[in-house]
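Open the model in your viewer and keep the selection box ready. Each stop says what to pick and what to look for.

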Amino acid sequence: MVDPEIREELAGYRQSIDNIDAALVHMLAERFRCTKAVGVLKAKHQLPPADPAREEYQIERLRHLAKDANLDPDFAEKFLNFIIKEVIRHHEAIAADRSQPASNAGATHSA
């Protein structure tokens, strides 16, 4: 049998984790909302979907932030690289949608 105080402490940590997970989802949704707007702007002005200099800056910044927060910088970089790949994929889809003839204008794609 587990001590009730231990169960209460465990429940408190789990509630914090659940709250953090919810906040992460909302932050990622906002990040993707902003990057979708960037993709639309890039497509409108025929800019390339990828920006290697910006990506390098983001990775270095995130590695520094991770180190300051006692988080493995390699893990943080892998996580950001995943996000960057998704953003580029969405930007490419937006650019492809914008280059379709007007007869396909009603088609929708998720971004």
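The tour goes from the whole domain to helix packing, then to details on one helix.

Keep in mind that this is a predicted model.

**Stop 1: the annotated span.** Select residues 4-95. The unreviewed UniProt entry places the feature "domain: Chorismate mutase" there. Now pick the two end C-alpha atoms of this span: they lie 57 Å apart. Colour by secondary structure, and the span comes out as 88% helix and 0% strand.

**Stop 2: two packed helices.** Select H2, residues 52-68, and H3, residues 73-98. A packed pair is described by the angle between the axes and the distance between them. Here the angle is about 150°, and the axes are 9 Å apart. The crossing of H2 over H3 is right-handed.

Next, show side chains. Which residues of H2 meet H3? They are Glu 55, Gln 58, Ile 59, Leu 62, Arg 63, Ala 66 and Lys 67. Their partners in H3 include Leu 80, Ile 84 and Ile 88, along with Pro 73 and Asp 74.

**Stop 3: a surface patch.** Move to Ile 20, which sits in helix H1, residues 4-44. Add Leu 24 and Met 27 to the selection. With Ile 20 they make a nonpolar surface patch. Together the three expose about 300 Å² of accessible area.

**Stop 4: a salt bridge.** Select Glu 30 and Arg 33. Their closest N and O atoms are 2.7 Å apart, within the 4 Å cut-off for a salt bridge. Both residues belong to H1 and are three residues apart, so about one helical turn separates them. The model's count is four salt bridges.

Key: Residues are numbered from 1 along each chain as its sequence is written. This is a predicted model: local features need pLDDT of at least 70, side-chain atom pairs count only at pLDDT 80 or more; totals for chains, interfaces and linings use all residues. Side-chain values use heavy atoms; hydrogens and water are left out. Patches are made of residues with over 30% relative accessible area and no salt bridge: like charges are joined within 9 Å, nonpolar side chains (Val, Leu, Ile, Met, Phe, Trp, Tyr) within 5 Å. Accessible areas come from the Shrake-Rupley method with a 1.4 Å probe; for residues, only the protein chains shown count as cover. A salt bridge is a side-chain nitrogen of Lys or Arg within 4 Å of a carboxyl oxygen of Asp or Glu. Helices (H or I, at least four residues) and strands (E, at least two) are DSSP runs, numbered from the N terminus. UniProt positions are given in the numbering used here, feature names are shortened, and annotations may be inferred rather than shown by experiment. Axes are lines fitted to C-alpha atoms, for helices over the stretch in contact, and angles run from 0 to 180 degrees between N-to-C directions. A crossing is left-handed if the near helix is turned anticlockwise from the far one by less than a right angle, and right-handed if clockwise. Contact means heavy atoms within 4.5 Å.
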